[in-house]
Amino acid sequence: TTLLPKAVSASCPPGSTSPSMEFTNRPENAWVCQRAHGIDGAAMNVVFPKTVVVKSITVMPGWNYVAPNGRDHWNEHRLVTKILWRIGGQQFEQSITPTRSGSTLTLPGNGIATTVMSLTILTTERPDALSADAGGEGGGFLAPGGDTGPENTDVDKSTAIGSVTIMGSEI
């Protein structure tokens, strides 16, 4: 069963979206967290309405949405590569290869019982479109909005998580 939180909170700088956006199951929504001082470390807290057993967590490590006008949000924010989960008094690191198919962490045993959990973004990286040589006359890099060159740092100002799906059961 998909477990839905009662409350979700995060402390991100101004210009960020609500962390509850990643639980809407709508690709046009994402949690975008501005990076304070250009570093990772954003944290999000999740509160459930009653005790649950969390068995797995699937994360979309970027904003996997191409708007009707062709704008690809995947390339506009840093992609999550490692998360620290705190669940039921235990900690679990989730290493993520950022792909548009997402990444799943399966918890040990029959899952972890809890009423609250949190995630901390430990590391992120730039999207491939900004890291790889795009070729052509100018060399350079392909960046959001058609800008070229490694000097495009807007992508480094924020991190996006497109969705978090928590699977388990209620007690």
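**Order of elements.** I traced the chain of this predicted model from the N terminus and noted the order β-β-β-β-β-β-β-β-α-β-β. I counted ten strands and one helix in the protein.

**Burial and surface.** I looked up how much of the protein is buried: of its 171 residues, 42% fall in that class. I then took the accessible surface, which comes to about 8,600 Å². Carbon and sulfur atoms hold 51% of this surface.

**Contacts along the chain.** I asked what share of the contacts with a separation of 6 or more joins residues 24 or more positions apart. The share is 72%.

**Backbone angles.** I next searched for positive phi values outside glycine. Most residues other than glycine have a negative phi. Asparagine 25 departs from this, with a positive phi of about 60°. I located asparagine 25 in the loop between strand 2 (7-10) and strand 3 (31-34). Is asparagine 25 buried or exposed? Its relative accessibility is 72%, and the cut-off for exposed is over 50%, so asparagine 25 counts as exposed.

I recorded histidine 37 as well, whose phi is positive and near 55°. Histidine 37 sits in the loop between strand 3 and strand 4 (43-60). Its relative accessible area is 80%, and histidine 37 is therefore exposed.

**Salt bridges.** I turned to charged side chains. Side chains of opposite charge can pair when their charged atoms come close. I obtained a count of nine salt bridges.

I examined the pair of glutamate 170 and lysine 50, whose closest N and O atoms are 3.8 Å apart. Where in the chain do glutamate 170 and lysine 50 lie? Glutamate 170 belongs to strand 10 (residues 163-170) and lysine 50 to strand 4, so that this salt bridge links distant parts of the chain, 120 residues apart. Lysine 50 is partly exposed, at 43% relative accessibility.

I then noted a salt bridge between glutamate 76 and arginine 71, at 2.6 Å from N to O. Glutamate 76 has a relative accessible area of 16% and is buried, whereas arginine 71 is partly exposed at 44%.

I also listed aspartate 154 with lysine 157, a salt bridge in which the closest N and O atoms are 3.2 Å apart. Lysine 157 is partly exposed, with a relative accessible area of 46%.

Finally, I asked which residues are linked in a network of salt bridges. I found Arg78, Arg126 and Asp156 joined in this way.

Technical notes
Residues are numbered from 1 along each chain as its sequence is written. This is a predicted model: local features need pLDDT of at least 70, side-chain atom pairs count only at pLDDT 80 or more; totals for chains, interfaces and linings use all residues. Side-chain values use heavy atoms; hydrogens and water are left out. Helices (H or I, at least four residues) and strands (E, at least two) are DSSP runs, numbered from the N terminus. Buried means under 20% relative accessible area, exposed over 50%, partly exposed in between (1.4 Å probe, protein chains only). Contact means heavy atoms within 4.5 Å. Accessible areas come from the Shrake-Rupley method with a 1.4 Å probe; for residues, only the protein chains shown count as cover. A salt bridge is a side-chain nitrogen of Lys or Arg within 4 Å of a carboxyl oxygen of Asp or Glu.
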